[in-house]
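Trainee: I would be grateful for guidance in reading a protein model.
Mentor: Certainly; please look at the following first.

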Amino acid sequence: MIRLPRFDFHAPRTITEAAALLADAPAETMLLAGGTDVVPKMKRRQQGPRRLVALRQVAGLGTILHRDGELVIGACATLSSLVHDARLRESVHGLWQAAAQVATPHLRNMGTIGGNLCLDTRCTYYDQSQEWRKSINFCMKKDGDICWVATSSPRCLAVSSTDTAPMLLALGARVRLVSTQGERVIAASDLYRNDGIEYLSRRTDEILADVQIPEPGQWRSCYWKLRRRGSFDFPVASVAAAVRLDGDRVVESRIVLGAVASRPLVSEKAARLLAGQLLTDDVIAAAADGAYEIAKPMDNTDFELIWRKRMVRALTTYALRELRGDDVRELRLRIARQDLIAVS
Ligand SMILES: Cc1cc2nc3c(=O)[nH]c(=O)nc-3n(C[C@H](O)[C@H](O)[C@H](O)COP(=O)(O)OP(=O)(O)OC[C@H]3O[C@@H](n4cnc5c(N)ncnc54)[C@H](O)[C@@H]3O)c2cc1C
Ligand code: SF4
């Protein structure tokens with residue numbers, strides 16, 4: 001059994017109290033939501049906060065509000081509560097699909113949307129026990145000074161592995177950040193940086209309070225995820241797609257790639273190629289090529305990186321076919337079984 005290191009524990013009841021505790025010593029404090037990522041990382045000494053501020057008892061952070069023209073999800077809403085919300089499943093189907101594919105039912109019962117958005121980046125050389133990491137003299141993400149994935153790289157290339165972030169970017173979501181200095185609302189896209197260590201633009205004294213999704217129901221959306229085990233696993237490539245249609249014609253779209261960089265990547269080119277078009281096979285193929293171009297998987301997670309990159313083209317194709325209205329149930333099953341490696 002691996003023991004947790006010693007730490008102080010606080011369970012504030014209000015966000016003002018939580019923000020004050022965080023502001024007191026931001027460098028030594030970590031926020032704890034469901035704890036499904038923080039706790040194992042503390043055990044493996046990947047993270048070693050002196051103090052944990054738990055958010056689960058903070059009033060108002062666990063609610064899902066369907067308002068006119070907006071869906072607001074509190075940071076501590078569990079992924080299970082998203083999955084069981086029938087209105088959410090209908091109005092932002094892609095987010096429902098993404099949440100439903102995170103980990104296992106037990107972990108979704110504990111894991112929150114805020115924790116999923118702020119999830120640490122992952123890497124084969126980092127997600128290991130302390131003894132394993134010590135045997136390679138650690139790496140620059142924790143306790144070392146070199147990147148074992150690319151030894152000349154000046155930055156860490158660990159992979160953004162959150163399922164809901166790409167989908168929320170595709171849905172044009174915003175996040176509200178609260179601190180003792182006040183609050184600010186930013187585009188979810190601006191929350192992320194392409195750096196495996198400093199992967200968030202959130203200041204260390206800020207709490208992610210909620211996620212706001214504009215115009216739910218106005219966008220058709222879906223999420224496609226590649227992982228080794230169909231039952232549960234982190235994504236090693238994913239595509240979140242959202243389109244606003246006028247009849248069958250695309251008015252606006254967002255294609256966002258997950259798990260192929262240290263942040264979710266927005267394919268501007270795919271969106272440009274789709275604008276004003278019908279979702280024909282040719283248009284879909286061109287958009288999938290556009291998405292493929294920006295995918296930069298590294299050799300630091302499951303599967304071979306060239307194959308992961310190729311799968312981005314395939315996943316984008318399937319996603320757009322799904323948004324066009326094709327029956328993709330068989331394709332989804334085959335992806336889960338890993339027996340589909342090229343677009344037919
Ligand atoms: C076996 C296993 C499989 C998994 N599979 C997946 C998967 O397929 N897909 C996936 O996306 N994840 C997966 N996870 C990771 C994790 O379970 C989920 O990402 C979960 O949603 C994390 O939420 P949490 O509330 O438990 O976060 P926590 O562990 O509590 O926190 C995670 C991070 O977010 C920060 N944080 C939490 N809440 C806030 C907030 N409100 N404001 C600012 N910072 C905050 C914490 O300080 C910490 O850095 C898996 C985990 C395990 C153990
Ligand atoms: S990408 Fe490099 S620095 Fe980052 S965790 Fe992996 S080995 Fe370490």
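The discussion below concerns one helix and two loop residues.

Mentor: This is a predicted model, in which local features need pLDDT of at least 70, side-chain atom pairs count only at pLDDT 80 or more, and totals for chains, interfaces and linings use all residues. Residues are numbered from 1 along each chain as its sequence is written, and side-chain values use heavy atoms, with hydrogens and water left out.

Trainee: How far apart are the end C-alpha atoms of helix α11?
Mentor: Helices are DSSP runs of H or I with at least four residues, and strands are runs of E with at least two, numbered from the N terminus. The expected span is 1.5 Å times one less than the number of residues. For the 14 residues of α11 (281-294) this gives 20 Å, which agrees with the distance in the model, 21 Å.

Trainee: Within what arc do the buried residues of α11 fall?
Mentor: Buried means under 20% relative accessible area, exposed over 50% and partly exposed in between, with a 1.4 Å probe and protein chains only. In α11, the buried residues are V283, I284, A287, A288, G290 and A291. The arc is taken from the directions from the helix axis to the C-beta atoms. Seen down that axis, these residues line one face of the helix, because they fall within an arc of 155°.

Trainee: Is A259 buried or exposed?
Mentor: A259 lies in the loop between β11 and β12, and its phi is positive, near 65°. Its relative accessible area is 1%, so A259 is buried.

Trainee: Is N137 buried or exposed?
Mentor: N137, in the loop between α8 and α9, has a positive phi of about 65° although it is not a glycine. Its relative accessibility is 57%, so N137 counts as exposed.

Conventions: Chains are lettered from A and ligands numbered from 1 in the order in which they are written.
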